[in-house]
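Here are a few exercises to work through with the model open beside you. Try each task before you read its solution.

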Amino acid sequence: MIKAENITVSYPDKTVALSQVSFTVKEGQSLAIVGPNGAGKSTLLLALVGVLLPRQGNIFIDDIQVSKENLQQIRSKVGMVFQNPDDQLFMPMIYDDLAFGPRNMGLSEDKVRELVEDTLERLHISHLRNRSALRLSGGEKRIAAIGTVLTMNPKVMVFDEPSSFLDPKSRRNLIGLLGNIKQTKIIATHDLELALETCQQVLILNHGTVAASGSPHELLFDEGLMEECQLEAIKSR
Amino acid sequence: MKSKIREIYSLEQLSGRDTSIHQLHPLIKLITSLGFIIIVVSFGRYSLIPMIPMVFYPTIVMALSETPYGLLLKRCALALPFCLLAGISNLILDTGAAFTLGSLSISLGFFSFLTLLFKAYLSVITVLLLVATTPISDIAGAMKRLKIPDLFITLFEMTYRYIGILMEEASSMALAYRLRSHEQKGIVLNHMGSFVGQLLIRSFDRAERIYQAMKLRGYPASQKGFAEKKASARDILYLIIVLGSSLIFRFLNIPGTMNNFIERFIP
């Protein structure tokens with residue numbers, strides 16, 4: 001379970017990015033964090049994995065508090081997929097990128113190979129094994145970036161704008177893939193349809209505070225609320 | 001610029017082939033290449049003629065690995081300006097006469113300049129052949145087995161990976177600049193500072209995000225990785241033949257000996 005209690009996060013220059021944000025996500029559930037640019041979505045994700053620590057309030061992942069002392073435990077439980085796959089795919093070959101996390105976990109090379117091959121097969125990207133990320137399409141890079149986290153088998157996966165830069169077909173594949181990921185998911189996105197199809201809960205952020213939270217069907221069709229939060233409501237149910 | 005980026009990586013694409021050279025153990029290929037370069041560099045500054053037999057190694061490897069010569073030569077040419085710059089002082093400072101060709105006097109400086117160019121050519125082509133016949137991850141694995149520190153290996157792999165990204169970034173910025181400056185040819189000097197500055201800031205931002213992505217996947221921990229394939233007798237034989245013959249060429253002046261032989265026995 002993930003629990004955030006009244007967290008306030010500021011940047012080193014003292015700008016407050018998030019103020020008094022609270023939410024709870026039960027194990028196996030998915031939460032979409034939506035909001036306009038600069039609302040604090042990515043900041044919230046970085047706080048969940050301990051890259052930024054809250055100035056006030058607490059975050060708990062399975063009752064372990066996100067703090068400097070617990071970072072290793074937290075990062076073994078939470079995996080993050082970055083907005084730009086080029087930030088995540090830094091090794092010469094896709095195989096090595098998928099193996100990077102498990103190798104750091106100290107697993108034997110046989111176990112690493114098994115994990116990587118399983119993940120490649122599960123994501124239907126075995127043919128990319130020996131390719132450089134530089135030669136992949138945007139959709140392929142995105143799937144490979146998800147693979148780099150899946151090989152570590154985290155309990156929670158957080159995604160930063162997973163559908164950005166994708167063409168409609170790749171986006172559709174991604175939605176299918178997200179639906180098949182059994183872990184607890186937190187997805188920061190502008191893509192309200194993706195949120196509707198993949199998440200049971202929605203948290204709407206605006207100017208660093210929670211504007212609303214509830215089920216996607218309750219919130220994402222509400223034109224008044226969406227307009228207030230500089231978003232565009234989904235038109236038809 | 002996009003095609004230049006593709007060109008950089010096209011050489012490594014050849015590393016997936018299955019020739020006798022590609023099948024050799026990566027560690028053996030790495031040691032052989034390093035050894036060969038050290039021997040080449042150790043030749044004296046005027047040893048152009050004794051060094052000529054050293055050309056056999058890259059030529060044979062190129063043929064056996066079916067690496068296109070044109071591709072290698074183009075990349076070798078990239079290193080040429082640096083060698084010319086380094087060797088130009090030889091032409092100016094070392095003016096003693098080496099020999100005369102008819103009425104033309106060839107200076108020692110010119111001779112050492114050619115030697116330097118030849119050394120650079122052999123060294124660069126050896127590295128390029130290593131890249132063309134061995135996947136980068138295998139080279140990194142071989143470096144690991146040579147006990148080179150993890151930090152250096154990670155830097156090596158990431159530099160290779162991100163050169164392309166950085167060039168793409170610069171290419172996008174340059175395109176955006178050109179599209180809004182029809183009258184100018186290239187980036188004017190006044191704007192160069194902010195252009196390079198922006199590129200630096202973007203690179204810094206990206207480096208920050210990559211480091212975050214690495215930390216979130218457990219870095220820094222010792223990367224045990226890399227398959228522990230053992231070198232076969234064939235690999236060892238390759239190493240002995242290449243380095244042995246290179247040492248022979250280094251210490252026996254084969255062209256000079258042949259010249260003496262011809263002069264003595266052929267009137």
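**Exercise 1.** At which residue does α8(B) bend, and by about how many degrees?

*Solution.* Start with the ground rules: this is a predicted model, in which local features need pLDDT of at least 70, side-chain atom pairs count only at pLDDT 80 or more, and totals for chains, interfaces and linings use all residues. Residues are numbered from 1 along each chain as its sequence is written, while chains are lettered from A and ligands numbered from 1 in the order in which they are written.

Now the helix. α8(B) bends by about 35° at Tyr162(B), where the bend is the angle between axes fitted to the seven residues ending there and the seven starting there. Helices (H or I, at least four residues) and strands (E, at least two) are DSSP runs, numbered from the N terminus.

Next, check the span. α8(B) covers residues 150–179, 30 residues in total, and reaches 43 Å from its first C-alpha to its last, close to the expected 44 Å. That expectation is 1.5 Å times one less than the number of residues.

**Exercise 2.** Which residues of α8(B) are buried?

*Solution.* Apply the cut-offs: a residue is buried if 20 or more other C-beta atoms, placed from the backbone, lie within 10 Å of its own, exposed if 12 or fewer, and partly exposed in between. In α8(B), Ile153(B), Glu157(B), Tyr160(B) and Arg161(B) are buried. Their cover includes α7(B), residues 136–145.

**Exercise 3.** Which chain has the radius of gyration of a compact globule, and what are the values for chain B?

*Solution.* The rule is 2.2 Å times the number of residues to the power 0.38, with the radius taken over C-alpha atoms. For the 237 residues of chain A it gives a value near 18 Å, and chain A has 18 Å, so the two agree. For the 267 residues of chain B the rule also gives a value near 18 Å, but chain B has 23 Å.

Then look at the dimensions along the principal axes: roughly 50 × 45 × 35 Å for chain A and about 75 × 55 × 30 Å for chain B. Buried residues make up 49% of chain A and 24% of chain B. As for make-up, chain A has 10 helices and 10 strands, and chain B has 11 helices and 2 strands.

**Exercise 4.** How many residues does the largest nonpolar core have?

*Solution.* Such a core is a set of buried Ala, Val, Leu, Ile, Met, Phe, Trp, Tyr and Cys residues joined through C-beta atoms within 7 Å. The largest has 74 residues, and among those with the most contacts inside it are Ile33(A), Met80(A) and Val202(A). Helix α6(A), residues 138–150, gives the most to this core, with 6 residues. A second, separate core of 31 residues includes Ile21(B), Tyr57(B), Ile139(B) and Tyr160(B).

**Exercise 5.** How many residues of each chain are in contact with the other?

*Solution.* Count two residues as in contact if their C-beta atoms, placed from the backbone, lie within 7 Å. Then 26 residues of chain B are in contact with 27 residues of chain A. On the chain B side, α7(B), α8(B) and α9(B) each supply at least two residues, and α9(B) has the largest share, 7 residues.
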